[in-house]
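In these notebook entries I record what I looked up in one structure, topic by topic. Each entry begins with the item I wished to check.

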Amino acid sequence: MEPALSQIIEQVRASAQQGHALRVCGGGTKNHIGGAEVARCDAPLLDMRAYAGVVDYEPSELVVTVRAGTPLAELEALLAQHGQCLPFEPPRLAAGGTVGGMVAAGLSGPSRASVGAVRDYVLGIEIINGQGELLRFGGQVMKNVAGYDVSRLMAGSWGTLGVITEVSLKVLPVPPAQATLRLEIDLPQALEHLHAWGGQPLPLNASCWLEDAGTHELYVRLRGARAAVNAACESMGAERLDEGRSAAFWEACRDQTLPWFEDRVRQPHWALWRLSVPQTTPVLTLPAGVPAPLVEWHGAQRWVQAPLDCGPALHAAAQQAGGSAMLFTAPEPFEDVSAATPCAPPALAAIARRLKQAFDPSGIFQPGRMGAGL
C-alpha cells in the first residue's frame, strides 16, 4: 500500500476513534458552494493532493483510472494528447481542482444535457469509509455492476459518505467537428427555438441564453460528424462564430467567468442560485428587481442572482415547475443561510440519514455539508 494512502487511512481511523470531524479537501476550489458551514469549519483538514497520479490509462479502451488527488488539469491534458476528453466538461471554477473533488462535487458543464452527468461516466471507485475501511465498488467496464451502484452514489456526495481515493472514468474521443451559433432573441423565443430544435435530428451539444449589456443572446453549440454540423448550421439560420471566439465563450461559461457571473462583484450581498427544472419549463416569474437568469442545458438549468431573502420565492417557483432550487454561492461576507435553505422532503432526508449512518456512523466527514441544501 502506498505510504500516502496509509497515512490517509490512519488519519480517518484516528478521527473515528476520537470522534473528531474531518474536512476532506482537494484543491479547495468548491468549498464555497452551498454556503456550507464546512467553508469556515475549524476541523482538521484531510488534504488529498498528496495521493495523486494516473494508475491506468488505455486510450483504446476509453477508460482511465486515477487517484483522487490528481489535478484535473493534468488529467485533461493527458486525455487531450490522445484526442479524448471528459465529455461532461466539469466546471473548474478556479485553478487547482482535483479529480476526487470533481467526482465528489458532481458538477457538470455546458454539455451535460446532451452527453450526461459526471455520475454517468464513473465506472468504479475506491473510498475510505468513516471507520477507516478501504472499499472498492464497480470496476473498469460498463457492465460490471451488481446490486446497488455505490460508485455513482459517491458522485455529488460532497465527501459526506467517504473519502474518495481512486476513480475509474469512461472517456470519449473529441468530436470531429463543432460550431457555435448566435442569435439575438429574448428568453421566450430562445426556449421556443430550443424546444423545436430538440425534436429534430440536430447535433445539439450545449446552449446558453443570457442578457449581456442590454442584449439578449442565445448561443448554441453543435458537435458531431462534420457533415451533420455543417448541415445544421445551414438549416438553423443563425450567425456562426469563429472558433477562437466560440472556444473562449464556452470556457467562460463552463468556469462561471462570463460577465454575467461577474456582476455579483458589484452586488456582493447577493447570492447565486441554481434552479433545476424540466427543459420545457416556460419563463419563470422571478421576484421584483431580480435580473434575467442565465439559462443553460436547453432550458433545464437556470442561474439566478438575487438577495438571500428571495430564497423562498425561488424555491417555490422551481417546485411549481416540477424542479428544485439550490443556493450555490452565499453572499459575502458569509451570512447565515439556514432560512434560505429549506429542509429536504422527509422521505429523501430519511434516505440521506440512513446512507450517512451506513458509510460514516461516527459522522466525522464534512461537518456542515449535510445541512447545506446539498
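**Entry 1. A charged pair within one helix**

I worked throughout with a predicted model. I began with Glu-10, which is partly exposed because its relative accessible area is 46%. I then looked up its partner and found that Glu-10 forms a salt bridge with Arg-13, with the closest N and O atoms 3.5 Å apart. Arg-13 is likewise partly exposed, at a relative accessible area of 35%. I noted that Glu-10 and Arg-13 both belong to helix α1, which covers residues 3-18. They stand 3 residues apart, which is about one turn of the helix. As a general principle, side chains of opposite charge can pair when their charged atoms come close.

**Entry 2. Further salt bridges**

How many salt bridges are there by this rule? I recorded a count of 16.

I looked up Arg-49 next and found its side chain in a salt bridge with that of Asp-47, at 2.6 Å from N to O. Arg-49 counts as partly exposed, with 46% relative accessibility. Asp-47 is also partly exposed, and its relative accessible area is 30%.

I then turned to Arg-92, whose side chain meets that of Glu-76 in a salt bridge of 3.7 Å, N to O. This pair links distant parts of the chain, 16 residues apart. Arg-92 lies in the loop between β5 (84-85) and α3 (99-105), and Glu-76 lies in helix α2, residues 72-81. Is Glu-76 buried or exposed? I found Glu-76 to be buried, since its relative accessible area is 17% and the cut-off for buried is under 20%. Arg-92, at 22%, is partly exposed.

I also noted that Glu-76 and Arg-92 belong to a network of salt bridges, in which they are linked with Glu-251, Arg-254 and Asp-255.

**Entry 3. Cysteines**

I searched for disulfides and found 0 in the structure. Cys-208 is in no disulfide, and the nearest cysteine sulfur, that of Cys-253, is 4.1 Å away. A disulfide requires two cysteine sulfur atoms within 2.5 Å, so I did not count this pair. Cys-208 is buried, with a relative accessible area of 0%.

Why does Cys-233 form no bond of this kind? Its sulfur is 18 Å from the closest cysteine sulfur, in Cys-208, and this is too far for a bond. Cys-233 also counts as buried, at 11% relative accessibility.

**Entry 4. The cavity**

I looked for enclosed space and found 1 cavity of 30 Å³ or more. The volume of the largest cavity is about 130 Å³. Which residues are closest to its centre? I listed Pro-91, Ser-108, Gln-256, Gln-301 and Trp-303, out of the 15 residues that line the largest cavity. The elements that give two or more residues to this lining are α8 (243-255) and β16 (301-307). By class, I recorded 8 nonpolar, 4 polar and 3 charged residues in the lining.

**Entry 5. A covered strand**

Finally, I examined strand β17, residues 324-329, which is mostly covered. I found 5 of its 6 residues to be buried. Strand β14, residues 270-276, is joined to β17 by 5 bridges, and the two run antiparallel. I looked up Leu-272 as one example, and its bridge partner in β17 is Thr-329.

Technical notes: Residues numbered from 1 in each chain as written. Predicted model: local features only at pLDDT ≥ 70, side-chain atom pairs only at ≥ 80, totals over all residues. Heavy atoms only, no water. Buried < 20%, exposed > 50% of the residue type's maximum accessible area, 1.4 Å probe, protein only. 1 Å grid on protein atoms, 1.4 Å probe; cavity = no way out; pocket = protein on both sides within 12 Å on 5 of 7 lines; lining within 4 Å. Points joined across faces, edges and corners; volume = space filled by probe spheres on them. Helix = DSSP H or I, 4+ residues; strand = E, 2+ residues; numbered from the N terminus. Nonpolar A, V, L, I, M, F, W, Y, C, P; charged D, E, K, R; others polar. Pairing = 2+ DSSP bridges. Salt bridge = Lys/Arg side-chain N within 4 Å of Asp/Glu carboxyl O.
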